Each structure stands twice: as C-alpha cells, then as structure tokens.
Amino acid sequence: MLAADSNVRSCPVPFAPIAESIPPNVFAVTDRKVAKAVASGADVIDLAKGNPDAYPAEFIRAVAKKAVDDPANARYTPFDGKPAFLEAAAEWYRNVHGVELDWPTQLFAVEGAVDGLAGLYAILIDRGDAVAFVDPYYPSYHCMAVMHGAEEILLPALADHGFLPDLDAVTADTWDRVKMLVLNYPNNPTGAQASLEFLRRAVELAREHRFVIVHDYAYTGLGVGGPDAQQHSILEIPGAFDVAVEVCSLSKMYAMAGWRAGFVAGNEAVVSRLKLYHYQMGSMITGSIQDAGIAALLSDQSCVAELAERYAARRRIVAEGLREAGLDVFDSAGGIYVWAHVPRDGGWNGERLADHLLDHAAVAVLPGTCFGHVGADYIRLSLLKSEPELAEAVRRIQIALR
C-alpha cells in the first residue's frame with residue numbers, strides 16, 4: 001500500500017480500490033538508497049537500472065529527425081497505429097520468425113511493453129481471477145495483479161531447470177483456475193530463454209484448459225551465438241494464435257527506450273478488444289517515432305546484432321569478475337542483465353549483499369527479492385554502463401567481498 005505523506009493535502013473523497021491497492025515501486029527504494037549514497041559523496045556505479053545507455057542507430061535517428069518536419073506527424077495518428085508501422089511489424093515477424101500476421105486484425109501499436117501489458121490486464125482480469133506467472137518475475141506482473149484484485153499463482157523457476165518453471169508440476173485443477181499466464185523470455189531478471197518445446201507445452205496447456213498466454217517479448221534479438229541462440233516467438237508454435245498474444249517493444253533491441261514504441265500481436269479477439277479499450281483509455285505512439293520504428297523494423301537487423309555483441313562483451317567482464325569473487329553466475333545467452341547467486345558462505349542473502357555493495361563498494365545492484373520469492377539469494381546487475389565502468393564495478397565488488 002502507498003504510505004501516507006503528512007505534507008500532502010488530503011483528498012476530499014475516498015480513492016477507488018485500485019488506487020488504494022497500488023504496491024510500492026521496488027525500484028524506487030533502490031533509487032532512494034543510491035541518491036542518499038551519492039549525496040554523501042559516494043562515487044556510485046549504478047548497475048541497478050535497466051535503462052539502456054545505447055543510442056538508436058544513425059539511420060533510425062535520421063528518419064526520426066526528418067519525420068518531425070512532416071506536418072502530418074503533428075496531427076493525431078490513426079487509432080490502431082500507422083498502417084505502415086503495423087505492416088513493418090508484420091514484415092519483421094515474417095523475416096525474423098517466419099510468422100505470418102494479418103496486420104489489420106492481429107497487430108496493434110502501443111507505447112512500449114508496459115502500455116500493452118496494462119491494457120491486457122484491464123481487458124482480461126477481473127477481481128478474483130487467477131493470473132499465473134513465473135517467479136522470478138518482472139515486478140509489474142505482480143503489481144498489476146494486485147491492483148486488479150487477482151489471485152496470483154507463482155510458478156517457481158529454479159537454477160537446476162535453467163530458470164524455467166516445470167509446467168507439468170502444476171495440477172490440472174490449478175490450470176483450470178488460470179485465466180491468464182504471463183511469460184517473459186528472454187527473461188528479466190534471469191536472462192533465461194525458453195525452448196520451442198517449452199513454448200509448445202504452454203500452448204498445449206492453454207488450449208486444453210482455456211486460458212490466455214501473454215508473452216512479454218521485450219528483450220527479443222539480444223541473444224548471441226548465432227540464430228539458434230535467439231529466443232523464439234511464441235507465435236511460431238502451431239495453435240498459438242488460438243490462445244496467445246505477444247507484447248513486443250522497440251526499447252531494447254533498437255535502443256529506443258525513451259521513444260516509447262511497441263506492438264501487440266496474436267489472437268484476433270484479444271487484439272480487437274485491446275484496441276477498443278485503448279481507444280478510450282490510451283494514446284498512440286507519436287507519428288515521427290512510428291516512422292523511425294518502421295525504418296528499424298524493415299532494416300537488416302544488423303544494428304540489433306551489434307547491440308547484442310556489445311552486451312555479450314560486457315556480460316563476460318561482469319560474469320568472470322563475479323565468479324572470481326565467489327558468486328555463481330547464471331549462463332545467459334543474451335539480454336542486458338547478469339543474475340548471480342550470493343556467496344554460499346558468510347550468511348549473505350540478496351538484500352544484505354546489495355546493501356553491503358552499495359555501502360562498501362559504491363556499486364548499486366538490485367536484490368533478487370525485487371523479483372519475487374525465488375530470487376531471495378540472488379542479485380541482478382545491469383550491463384548498461386561502459387566496459388571500463390563495469391570492470392571498475394567488478395574490481396570494487398571483489399575487494400568488498402574479500
């Protein structure tokens with residue numbers, strides 16, 4: 001629940017239940033700790049944030065600059081997104097994943113992944129409905145479930161299963177209660193990727209037990225090691241269009257985080273109802289940003305591969321250094337984070353280690369408790385600093401743990 005602030009003038013009426021149930025933002029807690037350390041004079045290297053430090057490729061920026069001068073882009077854009085943007089998203093699916101989409105009915109533009117996720121929760125979840133998602137999880141899944149009064153069914157993803165949940169360990173009675181299953185691969189925070197077999201089983205269960213799968217595909221394209229290292233789209237699975245939608249973001253794969261652009265693809269009925277909701281409750285991506293997104297989606301994707309290699313080089317620096325410091329690091333094929341188990345001796349857990357590193361190494365990381373229960377003995381470090389800064393952060397961590 002939100003804490004009351006004695007300096008804030010009271011509201012003359014009671015807030016709605018959804019407003020009264022807003023959980024605290026777990027990232028804001030770390031931000032306050034970092035700000036306090038900086039104010040005290042600490043030279044903090046902040047590896048807690050997931051805010052990309054990269055810049056969109058020059059050809060994307062050039063299109064955006066030209067598009068700002070197009071008078072049409074000062075007007076309201078079409079309710080569903082520009083047809084050319086949706087067509088480009090369909091072409092991206094065809095070229096990258098071999099998936100055919102009918103863009104007028106199976107695609108919808110949104111201002112980033114969270115915008116799409118919030119709309120999907122709104123149209124699918126009522127009070128008392130059951131939402132299943134994997135633990136560790138991106139905190140918004142939990143917060144949206146709480147705000148909608150949903151029952152949360154957590155699917156533990158453990159290290160010995162590559163941080164994938166055992167879907168067959170869930171009873172049929174439990175699956176029958178589920179209305180929506182949220183998946184997120186490549187995963188935040190762990191970096192785990194899901195095989196076609198895993199996705200195929202999820203689709204089978206959704207068809208059998210009649211629930212919707214929402215796949216948060218925010219980190220697509222950032223795998224390394226060839227095509228086989230890339231995460232598959234759930235829409236590649238036969239029958240997925242009957243039960244699934246995928247939420248894609250341009251933020252990470254094109255370094256367009258602040259530009260707020262993405263799309264939702266998949267089941268026609270869900271996409272159609274999301275459009276109706278969004279017509280009343282949301283706004284559309286700025287026209288010039290959609291034009292830039294078109295250029296990005298229709299490109300040869302080499303700019304995405306370059307980002308993936310940059311993050312891979314950074315991951316090696318951090319992972320190798322943390323292992324030297326006595327931490328177990330999950331071997332991720334991609335993404336922008338490192339997921340590490342705290343030292344197994346010394347009485348550490350994720351929260352104690354995160355506080356220790358901020359106080360004694362001036363390095364900010366997130367404790368795994370920000371992402372649920374399974375991560376209690378883990379920390380997450382972002383790769384969104386330069387290689388020299390990451391090397392310095394690792395050096396400080398090694399000293400602090402000696």
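On a 1 Å grid over the protein atoms alone, a cavity is a set of points where a 1.4 Å probe fits but cannot get out, and a residue belongs to the lining if one of its atoms is within 4 Å of a point. The model looked at here is predicted, so to speak of local features takes pLDDT of at least 70 and side-chain atom pairs count only at pLDDT 80 or more, while totals for chains, interfaces and linings use all residues. Residues are numbered from 1 along each chain as its sequence is written, and side-chain values use heavy atoms, with hydrogens and water left out.

Just one cavity of 30 Å³ or more turns up. Its volume is about 40 Å³, a volume being the space filled by probe spheres set on the points, with grid points joined across faces, edges and corners. Around this cavity sit Phe133, Val134, Pro136, Tyr137, Tyr138, Tyr141, Val182, Leu183, Asn184 and Asn187. Strands S3 (130-135) and S5 (178-183) are the elements that give two or more residues to that lining; helices (H or I, at least four residues) and strands (E, at least two) are DSSP runs, numbered from the N terminus. The lining splits into eight nonpolar, two polar and no charged residues, where Ala, Val, Leu, Ile, Met, Phe, Trp, Tyr, Cys and Pro count as nonpolar, Asp, Glu, Lys and Arg as charged, and the others, Gly among them, as polar.

Then there is the largest pocket (an open set of points with protein on both sides within 12 Å along at least five of seven lines), at about 560 Å³. It has 27 lining residues, and Gly50, Tyr138, Tyr219, Lys252 and Tyr337 are the closest to its centre. Helices H2 (26-39) and H6 each chip in at least two lining residues. Here the split is twelve nonpolar, nine polar and six charged.

H6 (residues 113-124) also packs against other helices. Its axis comes within 10 Å of that of H7 (residues 139-147), and the two cross at roughly 30°; axes are lines fitted to C-alpha atoms over the stretch in contact, and angles run from 0 to 180 degrees between N-to-C directions. H6 is therefore roughly parallel to H7 (under 35 degrees). In contact terms (heavy atoms within 4.5 Å), Val114, Leu117, Ala118 and Tyr121 of H6 meet Tyr141, Met144 and Ala145 of H7, a set of seven nonpolar, no polar and no charged residues. With H10 (residues 268-281), the angle is about 100° and the axes are 9 Å apart, so H6 and H10 are roughly perpendicular (65 to 115 degrees).

Key: Angles under 35 degrees count as roughly parallel, over 145 as roughly antiparallel, 65 to 115 as roughly perpendicular and the rest as oblique.
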